[in-house]
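Reader: I have a model open on my screen and would like to understand the words used to describe it. Could you walk me through them?

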Amino acid sequence: EIKFLESKQLKQKFLTLSKSDLFLNNIFKEYWVKNIDLYTYTLSFLAKNNISISLRELQKQINESKKISTKTIIDYIDYSIQTKILKRVYAFDLKTNKAIQSKAKYYFTDNWIRNSLVNFNTQKNILVENLIFNILEYNNIKIFTWLNWKFEFSFYWEKDSKKIYIHISKQIKKEEIKKEVNKLLKIWTESKKYLLIESKEKSAIRKVEYGNVKIMEVWEFLENFTKK
């Protein structure tokens, strides 16, 4: 329905109403949430902050602006996951070869809803990462973010005995992109690793294969993946 609306303002209004309807029927009525503003503020915080965070850290940060208990935070996150508004993703530590469950990133199952929570001003890189997550998750892939020592990368998953590593770069300069290539090359594995960038032309990237690291534009990766 949104795609058929030509006006940007109408699209935004439609999405805002859809979000309100979703929260009303799936959260506020279903779970008897009394403080509507506090729940919306919590989801808005997650929408604009694309970070790995513990529930305790989340409570502390929100508590600086809105008084909230850890139990309430846990309930709000739990309700949102149960109603499939949010997906929780843990980091996979390559050093220890196991998932770290003390912190998590939260992705929205609908990019438009996420954007509407930030008054349609969500950073582009956050929306791109969320989009890639949704496409991977839609294909029944169990996804992690991933760590190698102090470096945090975007996505790691296993499917059909294959391990795939993805990092979405925020860099534009060729020299900085090559530094990220080197970080990926230092990780000993024969599995394929993808470094996704905004534009090869803008970054003056010509060589795209370095060992088992392949540089691709974001939309090139998405098109190739959705064809499979």
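Author: Happy to; what follows is a conversation about the sheet, the helices and a few single residues. Please keep in mind that this is a predicted model.

Reader: Let's begin with the sheet. What is the order of its strands?

Author: The sheet is open and has eight strands in the order β2-β1-β3-β4-β5-β6-β8-β7, with mixed pairing.

Reader: What makes β2 and β7 edge strands?

Author: β2 (98–108) and β7 (209–210) each have a single partner strand, so one side of each is left without a neighbour in the sheet.

Reader: β7 is given as 209–210. How do you know that β7 pairs with β8?

Author: Pairing takes at least two bridges between the strands. Two bridges join β7 to β8 (residues 213–217), so the pair meets that definition. The two strands run antiparallel, and tyrosine 210 has valine 213 in β8 as its bridge partner.

Reader: Which helices pack on this sheet?

Author: Helix α7 (residues 174–185) packs on the sheet and touches β3, β4, β5, β6, β7 and β8. The direction of α7 makes about 160° with that of β6. Helix α4 (residues 70–82) packs on the sheet too, touching β1 (86–93) and β2, and its direction makes about 105° with that of β1.

Reader: What makes β3 and β4 a pair, and what about β4 and β5?

Author: β3 and β4 pair over five bridges in the antiparallel sense, and five bridges also join β4 to β5, which run antiparallel. Tryptophan 157 in β4 stands opposite isoleucine 143, and its bridge partner in β5 is isoleucine 164.

Reader: What lies between β4 and β5?

Author: The two strands form a hairpin with two residues between them. Aspartate 160 sits in that turn and has a positive phi of about 50°.

Reader: Which other residues have a positive phi?

Author: Among them are tryptophan 32, with phi near 55°, and alanine 204, with phi of about 55°. Neither tryptophan 32 nor alanine 204 is a glycine. Tryptophan 32 is found in the loop between α1 and α2, while alanine 204 lies in the loop between α8 and β7.

Reader: Why is tryptophan 32 called exposed, and alanine 204 partly exposed?

Author: Exposed means over 50% relative accessible area, and tryptophan 32 is at 73%, so it counts as exposed. Alanine 204 is at 36%, which falls between 20% and 50%, so it counts as partly exposed.

Reader: And why is serine 199 called buried?

Author: The limit for buried is under 20%, and serine 199 has a relative accessible area of 13%, so it is buried. Serine 199 is placed in the loop between β6 and α8 (200–203).

Reader: What makes the pair of serine 199 and lysine 202 a polar contact?

Author: A polar atom of the serine 199 side chain lies 3.1 Å from the backbone nitrogen of lysine 202. The limit is 3.5 Å, so the distance fits the definition.

Reader: Last one: why are α1 and α2 called roughly perpendicular?

Author: Their axes come within 12 Å and cross at roughly 110°. Angles from 65 to 115 degrees count as roughly perpendicular, so α1 is roughly perpendicular to α2. Phe23, Ile27 and Phe28 in α1 meet Ile36, Tyr39, Thr40 and Leu43 in α2. By class, that contact has six nonpolar residues, one polar and no charged ones.

How values were computed. Residues numbered from 1 in each chain as written. Predicted model: local features only at pLDDT ≥ 70, side-chain atom pairs only at ≥ 80, totals over all residues. Heavy atoms only, no water. Helix = DSSP H or I, 4+ residues; strand = E, 2+ residues; numbered from the N terminus. Contact = heavy atoms within 4.5 Å. Axes fitted to C-alpha atoms, helices over the stretch in contact; angles between N-to-C directions. Buried < 20%, exposed > 50% of the residue type's maximum accessible area, 1.4 Å probe, protein only. Polar contact = N/O pair within 3.5 Å; in protein donor to acceptor, adjacent residues only side chain to side chain. Parallel < 35°, antiparallel > 145°, perpendicular 65-115°, else oblique. Nonpolar A, V, L, I, M, F, W, Y, C, P; charged D, E, K, R; others polar.
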